[in-house]
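Dear colleague,

I am handing over the structure below, and after it you will find some notes on its charged side chains. Please read them with the model open beside you.

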Amino acid sequence: MTKIEAEFKKPKMLIGGEFVDSASGETFESRNPATGEHLADIPRGQPEDIDRAVEAAKDAQEVWYTEFTAKERGDIVREYADLLRAHADRLGAIDAADGGNPVSMMQGDPEAAAELAEIFGGAAMEIKGDTIPVSNDTLDYTIRQPYGVVGRIVPFNHQAFFAAGKIAAPLVAGNAVVLKPPEQASLSALELGRIVTEADLFPDGLLNIVPGFGDEAGSPLVGHEDVHKVGFIGSVDTAKLIQKQAAETVSESILELGGKNPCLV
C-alpha cells in the first residue's frame, strides 16, 4: 500500500491525451477512509476543464469513427480488456486504499470490467440498421450513428468496475468519452487513464478523465451543448437533476439508480 499511495500524491487529470492540472490549479484531498491517511491531492475539475475535455473528445471522435471500422474498434476494445486484466491487481489495490474496501473484494472489479469490454467489443459488428420494404419496388434503410461525445458519471462503491467497464459500449459504437469519477475515490480512474495512454490504444482525446465535485464538474458535463448522451450511476434525486439539465440541451440520459440520498450531480 505504501508504494501505491506514494505514487499518487499529485495525480493529473487526462485531457486530450495529456496529463494536466486543473485550469484553476485547485485540488482536493483523497484520504484512506480506513486509516485517515492522506493519499493524494486530486485536481479539482471546473467548467473550463470540462470544456477542454469535450473539445478534445470531439476531435478524437471524428477520427475514431471515420478512420476505424466497427471491427477495428471492437478489436481495440478487446485489447483494452486484456490491458485491464494485466493491471487488475494494481487497480484493485488502489481502490482498496482509496475506498476502504477489502483488497480481495476490489480486485475482482477490473476483471468484471474486462468481461464487459469483451462483450461489447464482440458486439461491434452487430451495430446494424434496418431495411424496410416500403413498396414492391423500393427499399428504405436506416443506419445507426454515434452520439459523438458521451459523458459518464460513476459512483464510489466499485470505482474501477464502473469507470473502466462503462466506457466500453460507447467507444465500440464510435463515441468519445468524458469520464467524471467520484470525488470520494478518483484514483483508480486516473490510473486507468495512465494505463490506457501509455498503451497507446486509442486516439488522443478519445477518453478524457476529469475528477471533481458535482456542481463544478458533473453539472457542466451534463449541461454541455456538445455532450449528447450522459450515463449516470447513483441516486434517484441526483438523476432527477440530471434529467432536468439534460433536457435543456435535448440530450439523452441513461440512469442506473440506487439509494435516494440527495446529492449534487
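With which residue does R31 form a salt bridge? The partner is E29, and the closest N and O atoms of the two are 3.0 Å apart. Please keep in mind that this is a predicted model. R31 is partly exposed, with a relative accessible area of 40%, and E29 is also classed as partly exposed, at 45%.

In total, the structure holds 16 salt bridges, and two others may be worth following on your screen.

One of them links K71 to D75, with 2.9 Å between the closest N and O atoms. Both residues belong to helix α3, which spans residues 70-86, and they sit four residues apart, about one turn of the helix. K71 is partly exposed at a relative accessible area of 49%, while D75, at 25%, is likewise counted as partly exposed.

The other joins the side chains of R90 and E191, at 2.7 Å from N to O. Because R90 lies in helix α4 (residues 88-99) and E191 in helix α9 (residues 187-199), this pair ties together parts of the structure that are 101 residues apart in sequence. R90 counts as partly exposed, with 23% relative accessibility, whereas E191 is buried, at 1%, since buried means under 20% relative accessible area. The pair also belongs to one network, in which salt bridges that share partners join R90, E191, R194 and E198.

With best wishes

Methods:
Residues numbered from 1 in each chain as written. Predicted model: local features only at pLDDT ≥ 70, side-chain atom pairs only at ≥ 80, totals over all residues. Heavy atoms only, no water. Salt bridge = Lys/Arg side-chain N within 4 Å of Asp/Glu carboxyl O. Buried < 20%, exposed > 50% of the residue type's maximum accessible area, 1.4 Å probe, protein only. Helix = DSSP H or I, 4+ residues; strand = E, 2+ residues; numbered from the N terminus.
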